[in-house]
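Me: I should like to learn how to read the features of a protein model, one at a time. Could the explanation begin with the general idea and then turn to the case at hand?

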Amino acid sequence: MTGLITKFLPIALPHADPENVNKAFIAVARNNQEIPMLQMGSNEEMRTKYFFFLGITDSLHQVILLQKFMQLLQDKEFVDKLVSANSVDEVYSLLDEYFD
C-alpha cells in the first residue's frame, strides 16, 4: 500500500497492476480511526483515515489519473469538501464533478 502525505491530507493509494483489473474504478474509503502505514519513498510511518483504491486497466492512463488525483489533493477546496462529505452520495458527486 502506498501512503502519501499531501499538502492538506495524508492518504493511502492501494492499487493493483492493470493486468489484474477487469474494469476501471476508483473506490474511496474513510475509516473512523487513523491506520498506520509507511510513506511511499521514505518508508517513514504515517497515519491516515482516507483510502483511494485505484483500479486502472491501462498503464498509460495510470500516470494521467495519478497526476489528476495529486492535483486535486493540492486543492484545498476539494479536500475540504471531501473531508466534510457525510454520505456516499456526497463523495460520489464530488468525484464525479472533479473527474468529469
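Reply: A residue counts as buried under 20% relative accessible area, as exposed over 50%, and as partly exposed in between. The model shown here is predicted. In it, E77 has a relative accessible area of 48%, so E77 is partly exposed.

Me: With which residue does the side chain of E77 meet in a salt bridge?

Reply: A salt bridge requires a side-chain nitrogen of Lys or Arg within 4 Å of a carboxyl oxygen of Asp or Glu. Here the partner of E77 is K81, with 3.2 Å from N to O. Both residues belong to helix α2, where they are four residues apart, about one turn of the helix. K81 has a relative accessibility of 32% and therefore counts as partly exposed.

Me: How many salt bridges does this rule give?

Reply: The count comes to three. Another of them joins the side chains of K76 and D80, again with an N to O distance of 3.2 Å. K76 and D80 also lie in helix α2, which spans residues 76-84, and they stand four residues apart, about one turn of the helix. K76, at 44%, is partly exposed, and D80, at 39%, is partly exposed as well.

Me: Which residue forms a salt bridge with E34, and how far apart are the closest N and O atoms?

Reply: E34 pairs with R47, and the closest N and O atoms are 3.8 Å apart. E34 is in strand β3 and R47 in strand β4, so this salt bridge ties together parts that are 13 residues apart in sequence. As for accessibility, E34 has a value of 40% and is partly exposed; R47, with 38%, is also partly exposed.

Me: How should one read pairs of aromatic rings, and how many does the structure hold?

Reply: One considers the distance between ring centres and the angle between ring planes; planes over 60 degrees apart count as edge-to-face. The structure holds two aromatic pairs. In one, the rings of F52 and F69 have centres 4.7 Å apart and planes at 70°, so the pair is edge-to-face. Because F52 lies in strand β4 and F69 in helix α1, the pair ties together parts that are 17 residues apart in sequence. Both of these residues are buried.

Me: Which residues form the other pair?

Reply: F78 and Y98 form an aromatic pair that is likewise edge-to-face, at 4.9 Å centre to centre and 75° between the planes. This pair links distant parts of the chain, with F78 in helix α2 and Y98 in helix α3, 20 residues apart. F78 and Y98 are both buried.

Me: Why can a probe be used to look for pockets?

Reply: Rolling a probe the size of a water molecule over the atoms shows where empty space is left. In this model, the largest pocket has a volume of about 440 Å³. Its lining comprises 23 residues, and those closest to the centre are I26, V28, V91, Y92 and L95.

Me: Which helices and strands each supply at least two residues of that lining?

Reply: They are β3 (25-38), β4 (45-55), α1 (59-73) and α3 (88-99). The largest share, six residues, comes from α3. Sorted by class, the lining of the largest pocket has 15 nonpolar, five polar and three charged residues.

Me: V28 was named among the residues closest to the pocket centre. Where does V28 lie, and with which residues is V28 in contact?

Reply: V28 lies in strand β3. Leaving aside neighbours within four places in sequence, V28 is in contact with F51, F52, V91 and L95. V28 has a relative accessibility of 30% and so counts as partly exposed. The C-alpha atoms of V28 and L13 are separated by 9.7 Å, the two residues being 15 residues apart along the chain.

Me: As a last case, where does Q39 lie, and is Q39 buried or exposed?

Reply: Q39 lies in the loop between β3 and β4. Its relative accessibility is 17%, so Q39 counts as buried. Not counting residues up to four places away in sequence, Q39 touches G3, I5, E44, E45 and M46.

Terms used: Residues numbered from 1 in each chain as written. Predicted model: local features only at pLDDT ≥ 70, side-chain atom pairs only at ≥ 80, totals over all residues. Heavy atoms only, no water. 1 Å grid on protein atoms, 1.4 Å probe; cavity = no way out; pocket = protein on both sides within 12 Å on 5 of 7 lines; lining within 4 Å. Points joined across faces, edges and corners; volume = space filled by probe spheres on them. Nonpolar A, V, L, I, M, F, W, Y, C, P; charged D, E, K, R; others polar. Buried < 20%, exposed > 50% of the residue type's maximum accessible area, 1.4 Å probe, protein only. Phe/Tyr/Trp six-rings, centres within 6.5 Å; stacked < 30°, edge-to-face > 60°. Contact = heavy atoms within 4.5 Å.
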